[in-house]
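Below is a short note for a colleague who has not seen this structure before. The points can be read alongside the sequence and the model.

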Amino acid sequence: MALPKIDTPIYNLKLPSDNKQNVTYRPFLVKEEKILLTAMEGAKELKGDEFQKVVRETILRIITNCTDGKIDGNKLPAFDVDYLFLNIRAKSRGEMIEPSFTCNQEEEKGGRICGHVDKYPIRIDEIKIHFPEKDYSKIMLTDSIGIQLKFLSTEEVKVHDNETDPIEKMFKIIVDSIDYVFDAENVYKGKETAKAEMVKFVENMHEKAFDEVKEFFGNLPTLRHKVDYKCSKCGHKEPVLLEGLEDFFGFA
């Protein structure tokens, strides 16, 4: 006789990058918890980018599982991945999280750092994707020539993970982020333009335009939440800005 089937609740949300796309998902099951625990155990000795790579791959795998394979996180920009995982996590482990804060206030006498650790409860539904107030994606290079930038998917960014030169990596990501170039008469799609030609085009930008490109990357949408932190030991008050999954969950 077959064992009874356990019903799993199904939820819906719309992705921040496309408010029209409805995503159906379920909470973690024991098998996803196992994936998380196994990944974190294996990543204990890793640091920096290598650690983050393992975390990200694990998150992407869990998103695929919890959306029944209908959503490939590799095809989404990073902020969509963060938002979707945040909501899956909320339905799996509860609507509250408690990130830890360490008080770095220097004591008046002795000059010692307080160092007290507090946990601060935050409702997950209060954590939103922060979009810049200004649209930085369209940049005019001359009166008639401009570029339209796009948010790269996780997959498109990962292509450059093995690039060891940070400057070279930055330029490659910029080139790939150009959705299209336009002038008064034509639109030149980035994916239909030879990579070498696009690289040369970027290298010939004037400094002001390139600064605007960097502004686009400096203002990418991200999970963000402000906490009015107060140390329970010394009473020090300080606003703390949490950004990205790592700030909210430590590892994810």
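**Notes on S137 and a three-stranded sheet**

1. The side chains of S137 and D135 are joined by a polar contact of 2.6 Å. The model is a predicted one, and the distance is a computed value taken from it.

2. S137 has a further side-chain partner: a polar contact of 2.8 Å links S137 to the side chain of Q148. Q148 also appears among the residues that S137 touches once neighbours within four places in sequence are set aside; the others are I147, L149 and F216.

3. Is S137 buried or exposed? Its relative accessibility is 9%, and the cut-off for buried is under 20%, so S137 counts as buried. In the chain, S137 lies in the loop that runs between β7 and β8, the latter being residues 138-140.

4. The strand before that loop, β7, belongs to an open sheet of three strands, ordered β7-β12-β13, with antiparallel pairing. The edges are formed by β7 (128-130) and β13 (237-243), each of which pairs on one side only. On average, neighbouring strands of this sheet are turned by 45° against each other, direction ignored.

5. How many bridges connect β7 and β12? Three bridges connect β7 to β12 (residues 222-230), in the antiparallel sense. For H130, the bridge partner in β12 is T222.

6. A helix also packs on this sheet: α3, residues 78-93, touches β7 and β12. The direction of α3 makes about 60° with that of β12.

Key:
Residues are numbered from 1 along each chain as its sequence is written. This is a predicted model: local features need pLDDT of at least 70, side-chain atom pairs count only at pLDDT 80 or more; totals for chains, interfaces and linings use all residues. Side-chain values use heavy atoms; hydrogens and water are left out. Two strands pair if DSSP finds at least two bridges between them. Helices (H or I, at least four residues) and strands (E, at least two) are DSSP runs, numbered from the N terminus. Axes are lines fitted to C-alpha atoms, for helices over the stretch in contact, and angles run from 0 to 180 degrees between N-to-C directions. Contact means heavy atoms within 4.5 Å. Buried means under 20% relative accessible area, exposed over 50%, partly exposed in between (1.4 Å probe, protein chains only). A polar contact is a pair of N or O atoms within 3.5 Å; within protein, one must be able to donate a hydrogen and the other to accept it, and residues adjacent in sequence count only if both atoms are side-chain atoms.
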